[in-house]
Amino acid sequence: MFQLFFRRLRQDRRLAIVVLLLSTLLLMLAGAGMQSTPDAGLLPALLWSLLMVVGLVGQLTALAALMKKP
């Protein structure tokens, strides 16, 4: 499934740029959420961390797709 998503991003550069921007926004929001709730507990910290990982994976995938030739 990840390979299909990566191929789709390689073929459609506009989609790759949109994924890159949305992943960056998600990473920024997760970082801000983690900073704003430092003493909220374990569950919110895990959720913010999970969102940061999703944002980072999205960024790296989109960048790799943009760097490869279609």
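1. Helix H1, residues 2-11, packs against helix H3, residues 42-67, in this predicted model. Their axes lie 8 Å apart, and the angle between them is about 50°. H1 and H3 are therefore oblique to each other, since this angle falls outside the ranges for roughly parallel, roughly perpendicular and roughly antiparallel pairs. The crossing in which H1 passes H3 is right-handed.

2. Which residues make this contact? On the H1 side they are Phe2, Phe5, Phe6, Leu9 and Arg10. On the H3 side they are Val57, Thr61, Ala62, Ala64 and Ala65. Sorted by class, the contact of H1 with H3 has 8 nonpolar residues, 1 polar residue and 1 charged residue.

3. H1 also meets helix H2, and here the axes come within 5 Å and cross at roughly 115°. That angle makes H1 roughly perpendicular to H2, because the class covers 65 to 115 degrees. H1 contributes Phe5, Arg8, Leu9, Arg10 and Gln11 to this contact, while H2 contributes Arg13, Leu15, Ala16 and Val19. By class, the contact of H1 with H2 has 5 nonpolar, 1 polar and 3 charged residues.

4. The remaining pair to describe is H2 with H3. The axes of H2 and H3 cross at roughly 155° and come within 8 Å. H2 and H3 are therefore roughly antiparallel to each other, as the angle is over 145 degrees. H2 passes H3 in a left-handed crossing, whereas H1 passes H3 in a right-handed one. The contact of H2 with H3 has 19 nonpolar, 8 polar and 1 charged residues.

5. Where is the largest nonpolar core, and which elements supply it? This core has 7 residues, namely Phe6, Leu9, Ala16, Val19, Leu20, Ala62 and Ala65. H1, H2 (13-36) and H3 are the elements that each give two or more residues to this core. H2 provides the largest share, with 3 residues. Some core members also appear in the helix contacts above: Leu9 is on the H1 side of the contact with H3, and Ala62 and Ala65 are on the H3 side of that contact.

6. Val19 belongs to the core and to the contact of H1 with H2. With neighbours within four places in sequence left aside, Val19 is in contact with Phe5, Leu9, Gly58 and Ala62. Of these partners, Leu9 and Ala62 are listed in the core as well.

7. Is Gln59, a residue of helix H3, buried or exposed? Gln59 has a relative accessible area of 16% and is buried, because the cut-off is under 20%. Apart from neighbours within four places in sequence, Gln59 is in contact with Leu20, Ser23, Thr24 and Leu27. Leu20 is one of the core residues.

8. Ile17 is placed in helix H2. Its relative accessibility is 42%, so Ile17 counts as partly exposed. Ile17 and Leu43 are 26 residues apart along the chain, and their C-alpha atoms are separated by 31 Å.

9. Pro44 is found in helix H3. Pro44 counts as partly exposed, because its relative accessibility is 26% and the class runs between 20% and 50%. The C-alpha atoms of Pro44 and Ser23 are separated by 19 Å, with the two residues 21 apart along the chain. Ser23 is also among the residues in contact with Gln59.

Methods: Residues numbered from 1 in each chain as written. Predicted model: local features only at pLDDT ≥ 70, side-chain atom pairs only at ≥ 80, totals over all residues. Heavy atoms only, no water. Axes fitted to C-alpha atoms, helices over the stretch in contact; angles between N-to-C directions. Helix = DSSP H or I, 4+ residues; strand = E, 2+ residues; numbered from the N terminus. Parallel < 35°, antiparallel > 145°, perpendicular 65-115°, else oblique. Left-handed = near helix turned anticlockwise from the far one by under 90°. Contact = heavy atoms within 4.5 Å. Nonpolar A, V, L, I, M, F, W, Y, C, P; charged D, E, K, R; others polar. Core = buried A, V, L, I, M, F, W, Y, C linked by side-chain atoms within 4.5 Å. Buried < 20%, exposed > 50% of the residue type's maximum accessible area, 1.4 Å probe, protein only.
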